[in-house]
Every structure is written in C-alpha cells, then in structure tokens.
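Visitor: I'm new to looking at protein models. Could you walk me through this one?

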Amino acid sequence: MSNRIIITLLALALTSCVAIKVNNQNLPESVDTKSENEHGEGVGETITMPVSIPSTWTVPGGDSKSLRELTWDLMHQKIWIQFDLNRSEVHGKTELRLANLSPDNRSLIIDSKTTDIKSIINVETESPIPFLRDSSTVRITLTDSYNVGDILIIGIEFVSSPPNRGLYFVNPTGVTPNKPTQIWTLGQPEDNSFWLPTVDHPAERTTTEMWISVPEKFTTISNGMLIRSAVESGSELRTDYWVMNKPHAPYLIALAVGEYVSSEFLKDDIIYKYYVEPPFAKHIDAIYAETDEMMQFFNRQLNYKYPWSIYAQVPVRDYIANGMENTTLSIYKEQIQVTTEQSKDVHFRDLLVHELIHHWFGNLVTSKDWANLPLNEGFATYFETIYRDYRDGETDAAWKSILDRNDYFGESKRFRRPIIFDEYNVPEDMYDRHTYEKAALVLRMLHHDVGDEMWWKILNSYLTSNEFDSVDWADLKNEFNSNTGSDYTEFFEQWFLKNGHPEFKVTYNYEGEWPTIRFEQVQDLNKSDVFKTKMILNYSDISHNAYFKEVEITSRDTTFIIPVHSDSTSYLVADPNRIILAEYEENIDMNEAISRLAHSSIMLRYEAVNVLKPLLAQNENLIEILIDAYKYEQYGEQRLHIFRALADYLDHNHLGFIESVNVNSEEYYAIRILTADLSAKIRGINGNTYLNELSKDPSYYVAHHVNSKLSSN
Ligand SMILES: [Zn+2]
C-alpha cells in the first residue's frame with residue numbers, strides 16, 4: 001500500500017538528511033510574537049487571505065441529545081406478520097423477551113410510532129397489560145416489581161400503516177403497469193418502530209425469529225436463515241420462517257418481499273445468496289461479482305472471520321438510500337441491476353464493499369448512539385478506499401480519497417461540526433459528509449500514521465474487544481493507545497471532537513541559500529482551533545534523489561528550512577499524497593503546475609489540472625500541454641478530468657485530436673462519450689462520420705448515447 005512506500009522512503013530520508021524546524025521566534029522580521037491565542041500558540045502575522053467560510057454558516061442541529069438509558073434488555077423478539085396490500089398495512093403480533101436491568105423496576109418503554117397497538121399481554125400469565133400511548137412509545141406500568149435479571153415476556157398485537165417510514169409498499173395494488181409489487185424496510189436510524197413495536201435503540205441487541213406470510217408468488221428475504229417455508233392448511237398464504245440466531249441492533253432488522261430470482265453458493269462456511277428481479281437473472285453473477293473476493297480480503301486482513309452464517313444481497317424499487325447493511329441482508333437501490341454488457345463499464349463496487357464491511361463495523365461492533373455513527377460510516381467509507389488499493393492499486397485508492405475530500409470540503413463551506421456530534425435535531429441530520437467522508441479521511445490519516453501492520457492489528461483488537469457490543473469514539477482511541485503504546489488522545493480530540501480542518505497557505509521560497517516552506521493556518525480561528533499535525537515534506541537534491549521528511553506543525557505560522565541548496569532542489573512539495581485532511585493554497589506558478597501534471601502523485605496531478613484550467617483562456621500553449629498530459633496519463637479518471645478541463649477550449653482546430661479518440665486508443669467509455677459530444681458540437685451531427693463510428697462502439701453506454709444523439713437530430 002502507499003503508506004508502506006512512504007515509510008520506506010522516509011526511513012531512507014531520515015538517514016541521509018535533516019530538516020530543520022524554525023520557530024516563529026526565530027523569524028522576528030515576519031512574525032508578531034507579542035500576542036498569543038487562547039491555546040497558547042504563538043500567533044503569526046496578520047493574515048489577509050480571504051476566509052472561505054461565509055460568516056453566517058451554522059451547524060444544523062440544536063441541543064445536545066442523548067438516547068434514553070435502557071432499563072430492560074431485549075434478549076429475543078418473535079415477529080409474525082402479514083400484509084394487507086390494498087390498505088398498505090402490516091398486521092402482526094410480536095413477543096419481546098426482556099431482561100430487567102434496574103432494581104425495583106416497575107416501568108417499561110417500548111418504541112412504537114404510528115402503529116395501532118391492539119393489545120399487550122404478559123405471555124406467561126396471558127393477562128392483559130395496560131399501557132399508555134404517545135406518538136413514539138408505549139409506556140407500561142407493571143403491577144409487579146422486577147429485580148435485576150428478572151425476565152418478562154410481553155406479547156403485542158398490532159396493525160401498522162407506516163407513513164413511508166421504516167417499511168415501504170411499492171405498487172402494492174399493482175395499479176402501476178410494468179412496476180413490480182414489493183415491500184421492503186429501512187430501519188436506520190429509528191424507523192423500524194414505525195412498523196414493528198421494539199426497543200429501537202442502537203445500543204440494544206437482540207436475536208429474532210420472523211414468520212412472514214405472503215401470497216405464493218412472492219419471495220421473502222429477512223435476517224439470518226430461512227428455516228421453513230410452508231402453506232398452512234386452509235390459508236392462501238405461504239409462511240416463511242426466518243431465524244437470526246446472533247444478536248444485532250434492532251435498526252438492522254429487515255425484510256424484503258417481491259418477485260425475485262436468486263443464486264446461492266457456499267464457500268468457507270458462508271452462504272452467499274444473490275437476488276435480482278427476473279429480467280436480470282442471467283446477469284446475477286456480473287451484478288454481485290467479487291462479493292466473495294471482498295469477503296475473503298476482509299476476513300484475511302481483519303483476521304476476524306465474517307461473523308454471520310449467510311450474506312444475502314437484494315435490490316429494491318424506489319429505495320430511499322443507495323444501500324443498507326441490515327445484518328446478513330444488504331438491500332440496495334434497483335440501479336445496481338445492470339446487464340453483463342453494461343457491467344463492463346459501470347459497477348457498484350464501492351457500494352457493495354461499503355455494505356459488506358458494515359457487517360464488522362456497524363453490525364458486529366455498533367455505534368452506541370447516533371453521535372458516534374461516524375464510527376460505523378467512517379470505516380465503511382474508508383474501506384472503499386482500502387479495497388480499491390487492494391484491487392486496483394494506490395492510484396485508484398487515492399482517487400477515492402480525492403472524491404471524499406471534495407465531498408467533505410464542499411460541505412465544509414456550509415458548516416463544520418465535530419465528527420462525533422450530539423447536537424443534531426434528528427438522527428438523520430447525521431447522514432452528512434462529516435459522518436462519512438470526513439470520518440473516512442481521518443481514519444486514513446490514522447492508517448498512514450500507524451502503518452499498515454499496526455493498522456490491521458488495531459482493527460482486529462477493536463473488533464475482538466467489542467464484538468457484539470456497542471462503542472463510542474473513546475473505545476477506538478483506547479485501541480490506538482494500547483496497541484501502539486502512544487497517546488492518541490490529542491489526535492482524537494482534535495479530529496473527532498472539534499470541528500474544522502487546517503487551511504494551509506503554503507509558501508515555497510527559494511530565494512535564500514536554503515529553500516523554506518512556510519505553513520500559515522488561515523482557517524477562521526473564531527470557529528476552529530489551530531491544528532497540530534504531522535506533515536511529510538517531499539523534496540529532491542540535484543541528483544534527483546527524493547526525500548520524504550516528516551515534520552510537525554504545532555502553531556499557526558511555521559516555517560521549515562530544507563537542507564538542500566536552493567539552486568540544487570528540483571522540486572519541493574508538502575504532503576504529496578494529501579494524507580493530512582487539510583486544504584492547501586500553494587504559491588506555485590504555471591510551470592510548477594505543469595511539472596506536477598507530469599511527475600507527481602495522482603493527488604497533485606489532479607490538483608494541477610485545477611490550477612491550470614483557469615489559465616487556459618489566456619494561454620494557447622497550455623491547451624497543447626494538457627492534450628499531451630492526457631495522452632501520457634495512465635489513469636482513466638485523471639484523463640477524464642483533464643478532458644473535462646479542456647472541453648470548453650477545444651475547437652475545430654482540435655477535431656483531429658478529438659476524433660482520434662476511439663475504443664482502441666481510449667478504454668474509458670466516459671471519455672468517448674465526451675469526445676462524441678465535442679465532435680457533435682463543433683462539427684454538427686449531419687454527416688458526422690466520427691459519430692457514425694462511435695454509434696457502433698462496443699460500450700453499451702457510448703453506443704446508446706451516440707445513437708440517441710443521431711436519432712434525435
Ligand atoms: Zn454506511
């Protein structure tokens with residue numbers, strides 16, 4: 001992996017050179033050391049850089065939220081349900097086996113929203129239990145007092161008509177032609193209690209049995225194993241009996257009902273079960289390709305075998321998310337169903353990785369509340385990068401981090417909140433780019449900091465220590481501390497509990513005998529702190545030997561001297577792989593950007609295009625330079641990035657170049673779509689032989705795009 005390479009080079013650099021850190025106090029001509037900020041850091045000279053955050057930004061949210069303390073532990077839940085498709089109703093009964101957690105306990109709260117509770121009984125005595133109802137809970141005052149450990153089993157009869165929360169009916173009466181009838185659930189964060197009375201709390205854990213009765217034509221899919229499937233005598237319905245025999249959080253209870261075809265195989269004691277709608281039957285293996293490869297990779301790297309006995313995946317119509325990691329049953333949006341032909345160009349690998357890895361980070365070890373949801377989502381998002389690194393190498397992995405950085409930095413222009421955050425209005429507020437991408441990028445920093453071997457050791461320890469349990473950020477911090485012997489408290493507090501990220505104004509200066517790099521933190525210090533961070537400086541000497549030197553930035557304004565003479569340094573760059581979650585504004589000129597475009601990490605090549613794009617309007621030569629960069633670029637996403645930057649500046653003079661792009665010269669279909677559009681724009685569609693050629697392109701998407709262009713002309 002890429003951090004292995006850095007560590008090796010760093011070791012080389014450490015033996016051959018020394019970078020000297022210069023304190024602010026040593027640079028009196030440029031630094032005002034008279035004042036100190038509230039954190040005791042020396043404050044540098046006044047910064048006049050525009051701050052990118054508008055002064056009005058606010059974090060969505062309100063008061064600090066804490067979930068209620070659990071006074072009963074839900075041990076096991078039995079669920080019997082059938083559906084009234086005409087009325088979009090769930091008719092059911094359920095039994096909750098509860099163990100008391102608090103002394104002299106006479107009260108019990110069950111989560112249930114918008115559900116009509118018909119009756120509640122004590123299952124052992126069969127006596128009715130009176131209850132009070134509010135909009136989200138059923139409150140029971142028990143006649144007996146319960147001691148810690150006492151068991152109570154209650155039975156509830158209910159009818160729920162969920163208002164498009166928790167459980168969803170798709171075309172239930174079949175009135176929409178060519179659209180299947182389906183039923184599916186999405187329980188996160190606290191939506192299962194819209195259709196099922198339960199203890200809807202992420203720190204709860206229960207095993208389940210579910211009997212789902214449906215008309216014969218439907219397939220049912222739920223958590224765990226299908227044990228029995230039978231039509232009861234005198235019934236028109238078939239009842240499928242599902243058992244989930246390992247405990248998991250109630251928000252992960254799920255079902256899907258519809259007309260599906262499936263394929264199944266057993267490998268290393270894990271049952272893989274794939275479902276698709278019947279028209280996609282022959283494409284099922286292409287759609288779920290690599291699931292077992294991902295599984296084996298995670299098993300091996302985590303040294304912790306997939307903790308469940310089956311892994312099923314199913315797409316559903318009108319899904320309101322991309323995917324959900326219900327334990328043993330990942331449910332996806334319908335768009336993952338592509339043909340084998342389409343799958344050559346389009347895949348949902350990141351999504352499949354994300355939901356599968358949640359079965360360790362999320363389902364086996366679960367965030368104890370929604371404030372800590374970024375532990376689930378940060379790992380799931382970062383593992384998309386890790387799997388890319390394993391499968392396609394560090395460039396593709398880094399590209400995922402580029403996308404993550406763009407997503408998070410984009411959102412950070414609107415607001416910045418701590419990753420671990422309990423001041424949301426509703427738990428759904430947590431589904432943002434801080435919970436997913438920012439948390440993933442902070443985990444990436446930790447991975448690079450501890451190195452690959454220690455990273456996997458820590459993850460194994462985190463899973464083993466917390467299996468079938470719930471966690472918060474401190475549990476993860478403790479694993480980093482105990483496994484490394486270092487103290488990561490400050491790191492976790494800075495990155496997980498405080499908001500923002502460093503915005504570095506980076507000034508490279510070659511004027512003196514020794515080059516210097518100056519880092520000024522120009523983020524709005526009214527809204528976030530001065531950050532302390534390690535930083536890799538990458539530079540070369542006259543013989544083009546590369547050095548990677550780790551330094552530490554601890555104040556708002558820090559300058560480092562590079563121990564290679566200015567006239568013998570061919571390049572100098574901070575954080576070449578953009579490991580630090582920071583924005584960089586560097587004083588690089590056009591020539592430096594051109595040089596980076598040709599000779600640097602994918603992160604810097606990507607940024608170089610962004611630096612050069614605004615200069616294209618005034619510089620004809622730059623167009624040719626970018627065309628050359630396109631031709632030499634090995635990585636498809638970066639070629640597309642270059643082409644998109646060029647697109648507005650290409651005209652009839654460049655038709656030769658544009659129309660030279662075809663399936664033989666360019667494997668990335670999206671670029672061929674772009675060249676088709678450019679050719680059509682410049683040359684017109686009538687008599688355009690290039691478009692005629694691309695209309696027969698082997699890519700479904702290119703041919704489809706060009707043919708619809710031709711036919712709409
Ligand atoms: Zn997720």
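Guide: Sure, and one term comes up right away: "buried" means under 20% relative accessible area. Keep in mind that this is a predicted model.

Visitor: Okay, let's start with the metal. Which residues coordinate the zinc ion?
Guide: There are donor atoms from histidine and glutamate here, sitting at 2.0 to 2.1 Å from the zinc ion. Along the sequence, the donor residues follow the spacing H-x3-H-x18-E. Put names to those letters and you get His354 (NE2), His358 (NE2) and Glu377 (OE).

Visitor: How many residues apart are His354 and Glu377?
Guide: Look at the zinc site, where His354 and Glu377 both act as donors. His354 belongs to helix 4 (residues 349–357) and Glu377 to helix 5 (residues 373–392), so to speak two distant parts of the chain that the pair links. Their separation in sequence is 23 residues.

Visitor: And are His354 and Glu377 buried or exposed?
Guide: Remember the cut-off: buried is under 20% relative accessible area. Both His354 and Glu377 fall in that class, buried.

Visitor: Which helix gives the largest share of the lining of the largest pocket?
Guide: The largest pocket holds about 1,500 Å³ of space, and 50 residues line it. Asp350, Leu351, Glu384, Arg388 and Lys400 lie nearest its centre. Several elements supply at least two lining residues each, among them helix 4, helix 6 (394–412) and helix 14 (636–647). The largest share, seven residues, comes from helix 5.

Visitor: Helix 7 caught my eye. What span does helix 7 reach from its first C-alpha to its last?
Guide: Helix 7 covers residues 434–450, which makes 17 residues. At 1.5 Å a residue, the expected figure is 24 Å. The model comes close to that, with a reach of 23 Å.

Visitor: Why is helix 7 described as largely enclosed by the rest of the structure?
Guide: Helix 7 is also one of the elements that supply at least two residues to the lining of the largest pocket. Just after helix 7 comes Gly451, with a positive phi of about 85°. Helix 7 counts as largely enclosed because of its buried residues: 16 of the 17.

Visitor: Now some strands. Which residue of strand 21 is the bridge partner of Gly323?
Guide: Strand 21 (residues 329–333) has five of its five residues buried. It pairs in the parallel sense with strand 19 (residues 310–316) over five bridges, and in the antiparallel sense with strand 20 (residues 323–324) over two bridges. On the strand 19 side, Pro315 is bridged to Tyr332. For Gly323, the partner in strand 21 is Tyr332.

Visitor: Which residue in the turn between strand 14 and strand 15 has a positive phi?
Guide: Strand 14 (residues 225–231) and strand 15 (residues 237–248) run antiparallel, joined by six bridges. One of the bridged pairs is Val231 with Arg238. The two strands form a hairpin with five residues between them, and the turn residue with a positive phi, about 80°, is Gly234.

Visitor: Last one! Which residue of strand 29 is the bridge partner of Tyr539?
Guide: There's an open sheet of three strands in the order 27-26-29, with antiparallel pairing. Strand 27 (546–553) and strand 29 (572–574) are its edge strands, each pairing on one side only. Strand 26 (residues 533–540) is joined to strand 29 by three bridges. In strand 29, the partner of Tyr539 is Leu572.

How values were computed. Residues are numbered from 1 along each chain as its sequence is written. This is a predicted model: local features need pLDDT of at least 70, side-chain atom pairs count only at pLDDT 80 or more; totals for chains, interfaces and linings use all residues. Side-chain values use heavy atoms; hydrogens and water are left out. Buried means under 20% relative accessible area, exposed over 50%, partly exposed in between (1.4 Å probe, protein chains only). Helices (H or I, at least four residues) and strands (E, at least two) are DSSP runs, numbered from the N terminus. Two strands pair if DSSP finds at least two bridges between them. Donors are N, O and S atoms within 2.8 Å of the metal (3.2 Å for Na, K and Ca); water is not among the atoms, so sites may look incomplete. The expected span of a helix is 1.5 Å times one less than its number of residues. On a 1 Å grid over the protein atoms alone, a cavity is a set of points where a 1.4 Å probe fits but cannot get out, and a pocket is an open set with protein on both sides within 12 Å along at least five of seven lines; lining residues have an atom within 4 Å of a point. Grid points are joined across faces, edges and corners, and a volume is the space filled by probe spheres set on the points.
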